[in-house]
Amino acid sequence: MERFTDATQGIWERLRQESNVDLTAVSLKGNERANVRKLVMAASVDGQDARRSTS
């Protein structure tokens with residue numbers, strides 16, 4: 001997962017241009033047996049933590 005997180009953050013750095021949104025972490029929630037896991041992306045906006053997740 002660490003390689004995916006690093007790649008995702010690298011891509012975001014190129015795409016964000018002058019955005020005040022920083023991608024701080026990417027992780028999966030759920031157990032290993034689950035068919036569906038939740039992608040959690042931690043971000044900050046103007047230095048303040050922001051929360052958003054997708055399922």
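**Salt bridge, fold and surface of the predicted chain**

The count of salt bridges comes to 1. The criterion is a side-chain nitrogen of Lys or Arg within 4 Å of a carboxyl oxygen of Asp or Glu. The model is predicted, and the pair named here is a computed one. D22 and R16 form the salt bridge through their side chains. The N to O distance is 2.0 Å. That value lies within the 4 Å limit, so the pair counts as a salt bridge. Side chains of opposite charge can pair when their charged atoms come close. D22 has a relative accessible area of 29%. D22 is therefore partly exposed, since that class lies between the buried limit of 20% and the exposed limit of 50%.

The secondary structure comprises 1 helix and 3 strands. Along the sequence these elements follow the order α-β-β-β. Helix α1 covers residues 2-15. Strand β1 runs over residues 21-29. Strand β2 takes in residues 38-45, and strand β3 takes in residues 48-54. The C-alpha atoms occupy a box of roughly 40 × 20 × 15 Å along the principal axes.

Helix α1 contains 14 residues. From its first C-alpha to its last, α1 reaches 20 Å. This is close to the 20 Å expected at 1.5 Å a residue. T8 belongs to α1. The relative accessibility of T8 is 16%, so T8 counts as buried. The cut-off for that class is under 20%. With residues up to four places away in sequence left out, T8 touches L23, V26 and M41. L23 and V26 fall within the span of β1, residues 21-29. M41 falls within the span of β2, residues 38-45. R14 is also placed in helix α1. R14 has a relative accessibility of 65% and therefore counts as exposed. The C-alpha atoms of R14 and N31 are 32 Å apart. Along the chain, R14 and N31 are separated by 17 residues.

Positive phi angles occur at Q17 and at D46. Most residues other than glycine have a negative phi. Q17 is not a glycine, yet its phi is positive at about 50°. Q17 follows α1 and sits in the loop between α1 and β1. The relative accessible area of Q17 is 70%, so Q17 is exposed. D46 is likewise not a glycine, and its phi is positive at about 50°. D46 is located in the loop between β2 and β3. At 53% relative accessibility, D46 counts as exposed, because the exposed class begins over 50%.

Next come the strands and the loop between β1 and β2. Q48 lies in strand β3. With a relative accessible area of 56%, Q48 is exposed. The C-alpha atoms of Q48 and D22 are separated by 9.7 Å. Q48 and D22 are 26 residues apart along the chain. D22 is the residue whose side chain meets R16 in the salt bridge. R33 occupies the loop between β1 and β2. R33 has a relative accessible area of 80% and is therefore exposed. From R33 to M1 the C-alpha separation is 16 Å. The sequence separation of R33 and M1 is 32 residues.

M1 also contributes to a nonpolar surface patch with F4 and L28. The patch amounts to about 300 Å². F4 falls within the span of helix α1, residues 2-15, whereas L28 lies in strand β1. The relative accessibility of L28 is 42%, so L28 counts as partly exposed. Patch residues need over 30% relative accessible area, and L28 at 42% meets that cut-off.

Over the whole chain, about 4800 Å² is exposed. Carbon and sulfur atoms supply 47% of this area. Buried residues make up 13% of the 55 residues. T8 is one of the buried residues. Among contacts with a separation of 6 or more, residues 24 or more positions apart account for 14%.

Methods. Residues are numbered from 1 along each chain as its sequence is written. Side-chain values use heavy atoms; hydrogens and water are left out. Patches are made of residues with over 30% relative accessible area and no salt bridge: like charges are joined within 9 Å, nonpolar side chains (Val, Leu, Ile, Met, Phe, Trp, Tyr) within 5 Å. Accessible areas come from the Shrake-Rupley method with a 1.4 Å probe; for residues, only the protein chains shown count as cover. Helices (H or I, at least four residues) and strands (E, at least two) are DSSP runs, numbered from the N terminus. Buried means under 20% relative accessible area, exposed over 50%, partly exposed in between (1.4 Å probe, protein chains only). Contact means heavy atoms within 4.5 Å. The expected span of a helix is 1.5 Å times one less than its number of residues.
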